[in-house]
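Student: I've got a new model open and could use a walk-through. Can we take it piece by piece?

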Protein chains: 2
Amino acid sequence: MPKFKFPPRLPFRRVGIAGLGLIGGSLAKAFFPFGGLEISVFDSHQPTLEEAKKVRRFKRVVGDPDEFIGLDLDLAYLCLPVHRNVELIGKMGRARVPYAVTDAGSTKTATNEAALAAGLNFCGGHPIAGKEVAGFANSSKDLIPGCLYILAPDERFGKPQKELLGRLKAFHELLGCRIEILSPQEHDRIYSLVSHLPYLTASALAGAASRGGGSKVLSFAGTGFRDTTRVGASPPAKWVAVVLDNAANLSADLQSLIDFLAEIRALVQDRDGDALLELLEGVSAYRRSLPDKTGKKS
Amino acid sequence: MPKFKFPPRLPFRRVGIAGLGLIGGSLAKAFFPFGGLEISVFDSHQPTLEEAKKVRRFKRVVGDPDEFIGLDLDLAYLCLPVHRNVELIGKMGRARVPYAVTDAGSTKTATNEAALAAGLNFCGGHPIAGKEVAGFANSSKDLIPGCLYILAPDERFGKPQKELLGRLKAFHELLGCRIEILSPQEHDRIYSLVSHLPYLTASALAGAASRGGGSKVLSFAGTGFRDTTRVGASPPAKWVAVVLDNAANLSADLQSLIDFLAEIRALVQDRDGDALLELLEGVSAYRRSLPDKTGKKS
């Protein structure tokens with residue numbers, strides 16, 4: 001956790017979080033210590049609402065989206081799956097909500113377009129933090145603080161967004177996050193390569209092992225298989241929404257990966273050790289240039 | 001570390017380790033506490049020999065393979081890259097060495113065939129332990145103890161190998177290793193899927209990221225990219241030898257992975273969320289069935 005003075009200068013005082021899952025729950029828990037910050041929450045899952053009420057730290061706990069939209073807020077923080085964030089943005093547009101809106105989704109283009117169409121004061125965001133488990137029960141006050149936090153403004157929003165961007169930056173810096181600014185399109189291109197493609201790759205590798213060896217081979221696996229397939233254990237529903245939302249980038253990146261594997265396979269079949277070594281030396285050097293700690297994205 | 005009585009009943013008293021790298025060095029360090037065990041070592045790398053001499057725990061430190069082969073040993077433990085183990089096995093056959101021989105290579109078929117042809121008393125092995133770094137400097141007394149240890153006998157060796165297998169089993173049980181017995185062919189089929197294919201997959205993913213995004217995207221990567229590509233940072237020279245030695249299995253497994261990725265890509269392009277979810281649910285359940293701790297293989 002970063003050092004900050006209490007009470008900090010809060011860029012937002014009344015915050016509503018829609019979706020009390022891993023990310024929404026972790027954000028709420030990270031913001032609980034901030035005196036003067038009122039957090040309300042919406043979730044449509046009844047057991048989660050019960051859990052949220054037990055915590056006794058939320059200003060309001062609501063199960064109805066229209067009730068959530070009508071709350072007195074400075075900031076609505078959308079932490080639902082992307083397609084449900086988009087639905088809520090549509091409702092918020094029709095209700096002409098007076099507050100600012102951000103989201104924490106893994107893709108930025110669809111939400112951004114919806115918010116533009118809805119005429120909201122919106123700036124998307126993405127905490128690079130996650131686990132291969134989901135839900136409020138797995139959320140933690142330590143997941144978000146210190147992580148890389150992407151803010152993804154779109155210049156078509158104009159001046160109000162610049163002001164919102166500054167406040168969102170200050171808000172997440174209270175959690176010690178490192179802020180990076182990307183356009184929604186840049187964000188989705190980059191995270192296709194460094195997050196969504198790794199998820200599909202880990203899944204495909206586990207799938208190939210399952211088809212080729214079944215459950216028997218798992219008892220022989222070491223940390224290489226374990227690490228390379230780890231994100232493949234994540235709950236798929238969340239990922240499928242992300243993957244479909246980023247389909248154009250992923251389709252190109254999947255083809256690029258398939259081409260790379262086919263290149264390797266041709267060298268393996270030809271027993272061309274020199275060319276294989278040269279190819280893998282380049283890759284190994286690239287991977288070793290990865291900074292030591294860059295975040296906590298699952 | 002397991003509990004055992006000192007002095008343990010040693011199945012071998014005079015052990016020669018060829019190749020003082022990560023595995024050879026870690027084996028030596030794990031066996032150092034055993035009183036009555038004499039460990040000699042061969043390496044052709046001069047600085048490694050200097051380091052080995054400084055340790056002052058080896059009976060003999062030799063830089064000449066013929067000198068190593070001529071040592072008075074109960075067991076020669078081959079920890080060089082597979083193709084160099086095969087060369088040494090040829091020399092040992094021509095010298096008609098009287099001692100038993102094992103190896104710690106990542107593939108078992110080539111070494112096994114060479115040892116049969118050389119007429120050695122041989123049984124191959126494979127500690128499922130590793131790191132993405134190499135060399136004696138990175139070896140550790142804690143790498144091997146407790147790991148899964150595969151022994152890979154071939155029935156064509158006949159009765160002497162059964163006796164050797166029992167002694168190798170007892171020897172590694174002194175280190176708390178869990179022993180599994182596989183034929184060399186079964187071993188290579190399984191480890192193509194759970195070790196060699198994960199390495200190539202991690203490498204191909206890092207390669208695709210490098211081609212698609214260059215070094216810029218690395219600063220945005222989180223633990224998903226980090227874990228999925230981790231083994232791709234390993235020194236490629238060691239892996240290329242392993243990959244070529246297991247080329248037939250890997251060629252089939254790479255094709256199976258490419259097919260799985262192409263299937264995913266088709267569903268992504270068609271935006272077929274239901275079929276994608278069904279495919280990934282199966283994979284996720286398979287991956288979650290991986291036992292919690294299975295070894296320490298890199």
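Student: How many residues does each chain put into the contact between chain B and chain A?
Tutor: Chain B gives 82 residues and chain A gives 82 residues. Keep in mind that this is a predicted model.

Student: Which elements of chain B are on the side that touches chain A?
Tutor: Those giving two or more residues are α7 (184-213), α8 (223-229), α9 (236-245), α10 (247-269) and α11 (273-288) of chain B. The largest share comes from α7(B), with 21 residues.

Student: And what kinds of residues are on that side of chain B?
Tutor: The split is 44 nonpolar, 26 polar and 12 charged.

Student: OK, how do the two copies relate to each other? What turn lays chain B on chain A?
Tutor: A turn of 180° with a shift of 0.0 Å along the axis does it, and the RMSD is 0.0 Å. The two copies are thus related as by a two-fold rotation axis.

Student: Which C-alpha of chain B is nearest the axis?
Tutor: That of B:T228, at 2.0 Å from the axis. The same surface serves both copies, too: 100% of the contact residues of chain B recur in chain A.

Student: Switching topic. What's the strand order in the open sheet of chain B?
Tutor: The sheet has 6 strands in the order β3-β2-β1-β4-β5-β6, with parallel pairing. At the edges stand β3 and β6 (121-122) of chain B, each with a single partner strand, so one side of each has no neighbour in the sheet.

Student: Is β2(B) mostly buried or exposed?
Tutor: Buried: 4 of the 5 residues of β2(B) (residues 38-42) are, so the rest of the structure largely encloses this strand.

Student: How many bridges tie β2(B) to β1(B)?
Tutor: There are 5, and β1(B) (residues 14-18) runs parallel to β2(B). As one pair in that match, B:R14 stands opposite B:E38. To get from β1(B) to β2(B), the chain passes through helix α1 (residues 22-31) of chain B, in a right-handed β-α-β crossover.

Student: And on to β3(B), what does the pairing with β2(B) look like?
Tutor: β2(B) and β3(B) (residues 61-62) are parallel, over 2 bridges. B:F42 has B:V62 as its bridge partner in β3(B). With helix α2 (residues 46-55) of chain B, these two strands make a right-handed β-α-β unit.

Student: How many bridges join β4(B) and β5(B)?
Tutor: 4 bridges, again in the parallel sense, between β4(B) (residues 75-78) and β5(B) (residues 100-103). There, B:L78 is opposite B:D103.

Student: I clicked on B:E180. Where is that, and what does it touch?
Tutor: B:E180 lies in strand β9 (residues 178-181) of chain B. Leaving out residues up to four places away in sequence, B:E180 touches B:L148 and B:I150. With 16 other C-beta atoms within 10 Å, B:E180 is partly exposed. The C-alpha atoms of B:E180 and B:A52 are 31 Å apart, with their positions 128 residues apart along the chain.

Student: Over to chain A. How is chain A divided into domains?
Tutor: Domain 1 covers 14-183 and domain 2 covers 187-288. Their centres, taken over C-alpha atoms, are 31 Å apart. In the contact, 15 residues of domain 1 of chain A meet 15 residues of domain 2 of chain A.

Student: Which elements of domain 1 of chain A give two or more residues to the side that touches domain 2?
Tutor: α4 (82-94), α5 (109-118) and β8 (148-152) of chain A. By class, that side has 7 nonpolar, 6 polar and 2 charged residues.

Student: Is α5(A) mostly covered or open?
Tutor: Mostly covered, as 7 of its 10 residues are buried. Among them are A:T109, A:N112 and A:A118. Just after α5(A), A:G119 takes a positive phi of about 70°.

Student: Which residue that is not a glycine has a positive phi in chain A?
Tutor: One of note is A:R271, at about 50°. A:R271 sits in the loop between α10 (247-269) and α11 (273-288) of chain A. A:R271 is exposed, with 11 other C-beta atoms within 10 Å.

Student: And what about phi of B:R271?
Tutor: Also positive, near 50°. B:R271 is found in the loop between α10 and α11 of chain B, and B:R271 counts as exposed, with 11 C-beta neighbours inside 10 Å.

Notes
Residues numbered from 1 in each chain as written. Chains lettered and ligands numbered in written order. Predicted model: local features only at pLDDT ≥ 70, side-chain atom pairs only at ≥ 80, totals over all residues. Buried ≥ 20, exposed ≤ 12 C-beta atoms within 10 Å, placed from the backbone. Pairing = 2+ DSSP bridges. Right-handed = clockwise from strand over helix to strand, strands pointing away. Contact = placed C-beta atoms within 7 Å. Nonpolar A, V, L, I, M, F, W, Y, C, P; charged D, E, K, R; others polar. Least-squares fit on C-alpha atoms with pLDDT ≥ 70 in both. Domains from an automatic or database assignment.
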